[in-house]
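User: Pick one position in the model below and give me a close look at its surroundings. Then tie it to the rest of the chain in one go, with the cut-offs spelled out as you get to them.

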Amino acid sequence: MDAVRLILTSRRALAGSGEVREILTEVWQAQALAQAIGSRLAVSGPPELRGEALGLTELAGRGCGVLDAPELDPGDLRAAQLTELDDARQALLSLGGLLGEVGIALVGIASGADDEGTYWQCMEAIDAADEARDRVREMLRKLADRDQVVPER
């Protein structure tokens, strides 16, 4: 499935989740999807994005690692459904929005956390999502710079 469609599916699922457990599952799904997109861009994306894409992969992996992995059926893992990444710019724009929403959702959970473990888990996941979003912004900047370069004749 196309990256943009998967991101939109994740955004809707995150917005529609209500219980803390559901929200954390969707946050984990979003981080796993960001990791998959970063990996795809690092391997076969535009050359100028490959370093930042590798960084995105690592940061999103850290975001997954600080959260308890949800119990999902293999078919429910959105990152595993990624088959196409045709428009890197659109995918990155959408992914940046999703990562921002992830941060907001995590702030909501952290502010209402009853235990210190959940609070710190959310804080670390917020940090990972924020840094991943910074990588996405940098990749978008590099794409914009590339498009502004006038080819020499």
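Analyst: A quick word on elements before zooming in: helices are DSSP runs of H or I with at least four residues, strands are runs of E with at least two, and both are numbered from the N terminus. With that settled, let's take A53, which sits in helix α3, covering residues 50–65. Residue numbers start from 1 along each chain as its sequence is written, and this is a predicted model, in which local features need pLDDT of at least 70, side-chain atom pairs count only at pLDDT 80 or more, and totals for chains, interfaces and linings use all residues. Side-chain values rest on heavy atoms, with hydrogens and water left out.

So, is A53 buried or exposed? A53 counts as buried because its relative accessibility is 0% (buried means under 20% relative accessible area, exposed means over 50%, and partly exposed is in between, using a 1.4 Å probe and protein chains only). What covers it? Skipping residues up to four places away in sequence, A53 touches G38, L41, A42 and M139, where a contact means heavy atoms within 4.5 Å. There's also a long-range relation to mention: A132 is 79 residues away from A53 in sequence, yet their C-alpha atoms are 9.5 Å apart.

How does that fit the chain as a whole? The protein chain has five helices and zero strands, and from the N terminus on its elements read α-α-α-α-α. The C-alpha atoms fill a box of roughly 65 × 30 × 20 Å along the principal axes. Burial is worth putting beside A53: 46% of the 153 residues of the protein chain count as buried. The sequence separation between A53 and A132 also has a chain-level backdrop. Take the contacts between residues at least 6 apart in sequence, and 82% of them join residues at least 24 apart.

Now for some company for A53, starting at the other end of the helix list. C122 is in helix α5, which spans residues 116–148. C122 is buried too, because its relative accessibility is 0%. Leaving out neighbours within four places in sequence, C122 is in contact with L24, L106, I109 and A110. Its C-alpha atom is 9.0 Å from that of G103, and those two are 19 residues apart along the chain.

Helix α5 also holds D134, but this one isn't tucked away: D134 counts as partly exposed because its relative accessibility is 37%. Along the chain, D134 and L99 are 35 residues apart, and 9.7 Å separates their C-alpha atoms.

Back towards the N terminus, S10 belongs to helix α1, residues 3–16. What does S10 touch, once residues up to four places away in sequence are set aside? Its partners are E26, L33, R78 and L98. S10 counts as buried because its relative accessible area is 1%.

For a spot outside the helices, try D87, found in the loop between α3 and α4. D87 has a relative accessible area of 42%, so it counts as partly exposed. D87 and D2 are 85 residues apart along the chain, with 9.3 Å between their C-alpha atoms.

One last feature, this time from the rings. The structure holds one aromatic pair, and it's formed by Y119 and W120, edge-to-face, with 5.0 Å between centres and 85 degrees between planes. (Rings of Phe, Tyr and Trp, the last by its six-membered ring, pair if their centres lie within 6.5 Å; planes under 30 degrees apart are stacked, over 60 edge-to-face, and the rest tilted.) Neither partner falls in the buried class: Y119 is partly exposed because its relative accessible area is 31%, and W120 is partly exposed as well, at 46%.

Back to where we started: A53 is a buried residue of helix α3, and its contacts include L41 and M139.
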